[in-house]
Structures are given as structure tokens and as C-alpha cells.
Number of protein chains: 2
Amino acid sequence: MADVNFKSALPPLSRENKPGQPDSGEAGGDDALPYDLIELLFFAYRDFTGDPDEVLAQYEFGRAHHRVLHFVERNPGIMVTDLLGILGITKQSLGRVLKQLVDAGIIEQREGNHDRRQRLLYTTETGHALAVDLTRLQQKRLERALIGLPDGSEETIRRFLLQMIDPDARPDILKLVRSSFDLKER
Amino acid sequence: MADVNFKSALPPLSRENKPGQPDSGEAGGDDALPYDLIELLFFAYRDFTGDPDEVLAQYEFGRAHHRVLHFVERNPGIMVTDLLGILGITKQSLGRVLKQLVDAGIIEQREGNHDRRQRLLYTTETGHALAVDLTRLQQKRLERALIGLPDGSEETIRRFLLQMIDPDARPDILKLVRSSFDLKER
DNA sequence: AGAATTAAGTCAATATGGCTGACGTAAATT
DNA sequence: AATTTACGTCAGCCATATTGACTTAATTCT
């Protein structure tokens, strides 16, 4: 369900507004702003997140649930505090979503062994299955996107994405992402 | 202002949960799910949108305003209906945001020449300046991300992003994006 | 000329996913 | 024993999206 992607919704451009070639009649001297890249990124990301959205809607879950599920699946036994740091949201925001996931039997909380204050997070069997499902959807889209690109493109894209990230956040993200590819800078 | 990026917020991974190398001990036979790409995309997009967010916050605007501003700047004289189609949101959602932008003197509405029902959208001088500012921020990040990548990488990334988009939406998006690069499939 | 369609705007209600500040409890650390 | 940490919770707020129904004016179709 859920017509998340705008597919059919995108109309032809207004007649009054035909392309007309590089409308480089701007004021100041905006030397070639990368509108195309910016827009491609926008639409690509939207469709990328749209696949999971459709599945999640069936469970009455949203994108917030997906993010939590994803990072718990990826980091079984993660502490709530660390998950908060990764997601960059507040305890309250996470709390609501997390509770729903626990109630739905998607995520399980276990007391820490060494530190009994912790409620370490794990996906249940159901949760794992759902996480894998969603990831496979995204995998398919990624694979489709890589078709026909020159050798080494995947590596290039990985580096590009990493370098899009704030430099001072990269070390932490690299730890988190632990790619099987070498993304060390230089 | 606005601590949009989580920079300092990302904590070290939980001690209980050190990398430990490809934890390929999964159940079914999930052959190498592309977690790293998925996560890099997530963080990259977050930082990418974070730059404009900070500036917009000063105007009490959000990301919704940015999207509207962007597409109006890019398609001066666009009809409301077409903008709705591009953004993939409802008239009501657009209405609120658009009104705020008009009230703030960022966007201007002019009656259509041929069709007086239309309220064609244009950025004002102020709006244009803001749009350019925001785009330059994103340009800088993109340029930084392309540093050190092999020749032709930008082209590769463009194609990658295009192919991430639903195939049936691509023709419309290509018209919209009108890249100065050749993105025709094949 | 009259009917149907389109462009734009509007009302009211609702959901989601964020936020803040304050506070409480149990467990660990100093 | 005092402090800090991990987690949760209360109450309220805000931004951005949704739906369905309805109005007005203008254009197009028959």
C-alpha cells in the first residue's frame, strides 16, 4: 500500500517553462551550481527509503522504526545510550518508537551481564526476519543502480559517500559501518 | 546554531560489542547484505541536508521550506500543481509552507498570462539570494566529497543516483534535472 | 451557451516523529 | 558515602505530513 513514491504523480513540466538550455542568465555569477547532483540525490534517497516504507506501513511502523530496527539488527546487544548517539535523537523520541517495537515482538531487551542497569537491545527472530527483508529490498535497489557502471564504481561511491560525511564524524561512522572495503582516507 | 549533525553525539560503540570482524554467523544465508553502503548513504544524506538546515533555522524555516524554495528557484514560473507533483506532497502541506515563504518575501506569486487561474511561483530577489546560499553550501560539500576520486567519478555518481530512482520516474526526473551531462540510459 | 474540468485555496481533523525540561530509580564508580 | 551513569517517564510543544470535503474562478469541451 502507501503511495510513497511519487511515480505517477510527477507531471510534465509546466508549458510556460520549457527547459530552453542552460538558463545561465543568473545574476551574480553563480558558476555552475550542481543542481543536477543535488536533485538526483534528493530523488534517489527518496526512492531508496520508499521501498522499506511500504513494507513497514503494513506493520503500522514508520521510518523511525526502521532506523531503530536497522541499527539494533546490525549491533546486537547495543546499549540504549549508544543507539541514541547513533540516531542523534532524544531519549523520549527513541523511547516511544522502541516501546512499540518491543511490544510488537520485534526487539527484545535483556539486562546487561556486567552492568545490570543496561537494557541491551536485540532483534527477536521476527525482528531479524523483518530487518533482513527490508535490507534485501534496499540491496536490490543498490544492485540495480550499480548495473552498467565501470569497474571500481562501487568503491568510488563508497568513498564519495564517506567524504560527504562531516570529517570529524567519520572515524566513529567508520567503526560503526565496518565496511569490508578499505575506506581509510589516503 | 542548531546541533543538527550529531558530530559529538556519536559515542564509541558499546564495549560489549566490539567489531570482531565480519560477523557472518547469520541464520538463513544472507549473502553479504550491503550494510555499509546503506549506512553511508544514511549518514551522508543526513549531513548533506544538515548544512542548509542550520541556515534555515535562522529564518525559522525547515526542510520543507528548503525544498519548495529549491524547486521554485530552479523552475521560475512553475505552477502550484506541478510543484505538488514534484514534491509528492498534498496541497495542504504545500499551502502552509508556501504561504510562509510568500509572507516572508522569499517567494512571489504572479497570475498566469494565458491562464489567469494560475499563481505562478517565482523567487524574489531575497529568495534567490537565499536559494543560492543554500545551494553553495551543498556544492561545497559535494566538491569536498569528490576530492581524490578517480577521473570520471562524478559521472559515475550521477548515473548511480539516477539508477537508484524508480525506472518509471526517471524520464520525468531527467526533464526536471536537465543535467548538462549525458545521462541517457545506454 | 451550458456543462465539465482544472487551478488554486480552504476547513477540520489526525498522525508521526521530532523537541524541551524536569524528575525518579537503580546500579556502578569514585 | 557521594556522585555519576543508564534508563525510563511525565507533560507539553512543534513541524510536517496525511485525509476528505468543499469553494471559487477560469478554462475547455460539446
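1. E60(A) counts as exposed, with 9 C-beta neighbours inside 10 Å. The cut-offs are as follows: a residue is buried if 20 or more other C-beta atoms lie within 10 Å of its own, exposed if 12 or fewer, and partly exposed in between, with C-beta atoms placed from the backbone. E60(A) sits in the loop between α1 (35–58) and α2 of chain A. Although E60(A) is not a glycine, its phi is positive, about 65°. Helices (H or I, at least four residues) and strands (E, at least two) are DSSP runs, numbered from the N terminus.

2. This is a predicted model, in which local features need pLDDT of at least 70 and side-chain atom pairs count only at pLDDT 80 or more, while totals for chains, interfaces and linings use all residues. Residues are numbered from 1 along each chain as its sequence is written, and chains are lettered from A and ligands numbered from 1 in the order in which they are written.

3. A positive phi in a residue other than glycine also occurs at R178(B), where the value is near 30°. R178(B) belongs to the segment after α7 of chain B. With 18 other C-beta atoms within 10 Å, R178(B) is partly exposed.

4. Chain A contains seven helices and two strands, in the order α-α-α-α-β-β-α-α-α along the sequence. Of the 186 residues in chain A, 36% are buried. Among contacts in chain A between residues at least 6 apart in sequence, 55% join residues at least 24 apart. Two residues are in contact if their C-beta atoms, placed from the backbone, lie within 7 Å.

5. An unreviewed UniProt entry carries the annotation "domain: HTH marR-type" for residues 34–166 of chain A. UniProt positions are given in the numbering used here, feature names are shortened, and annotations may be inferred rather than shown by experiment. In the model, that span of chain A is 68% helix and 8% strand, and its end C-alpha atoms lie 19 Å apart.

6. How are the two protein chains related? A turn of 180° and a shift of 0.0 Å along the axis lay chain B on chain A with an RMSD of 0.1 Å. That is the relation of a two-fold axis. The superposition is by least squares on the C-alpha atoms of residues with pLDDT of at least 70 in both copies. I157(B) comes closest to the rotation axis of the residues of chain B, with its C-alpha at 3.3 Å.

7. The contact between the chains takes 72 residues from chain B and 72 residues from chain A. On the chain B side, α1 (35–58), α3, α5 (125–146), α6 (153–164) and α7 (170–177) each give two or more residues. The largest share there, twelve residues, comes from α1(B). By class, this side of chain B has 39 nonpolar, 16 polar and 17 charged residues. Ala, Val, Leu, Ile, Met, Phe, Trp, Tyr, Cys and Pro count as nonpolar, Asp, Glu, Lys and Arg as charged, and the others, Gly among them, as polar. The copies meet through the same surface, because 100% of the interface residues of chain B are also interface residues in chain A.

8. A44(B) is in helix α1 of chain B and is buried, with 22 other C-beta atoms within 10 Å. Across the interface, A44(B) touches L161(A), M164(A) and I165(A), not counting residues up to four places away in sequence. The largest nonpolar core has 75 residues, of which A44(A) and A44(B) touch the most other members. Such a core is a set of buried Ala, Val, Leu, Ile, Met, Phe, Trp, Tyr and Cys residues joined through C-beta atoms within 7 Å. A44(B) and V68(B), 24 residues apart in sequence, are 22 Å apart in space, C-alpha to C-alpha.

9. DNA strand C is surrounded by 22 residues, the closest being G62(A), A64(A), I89(A), T90(A) and T81(B). A residue is near a molecule or strand if its C-beta atom, placed from the backbone, lies within 6 Å of it. At least two residues each of this surface come from α2 (63–74) and α4 (91–103) of chain A and from α3 (80–87) and α4 (91–103) of chain B. The surface near DNA strand C has five nonpolar, nine polar and eight charged residues.

10. For DNA strand D, 22 residues surround the strand, and the closest are T81(A), G62(B), A64(B), I89(B) and T90(B). Here α3 (80–87) and α4 of chain A, with α2 (63–74) and α4 of chain B, each supply at least two residues. The classes near DNA strand D are five nonpolar, ten polar and seven charged.
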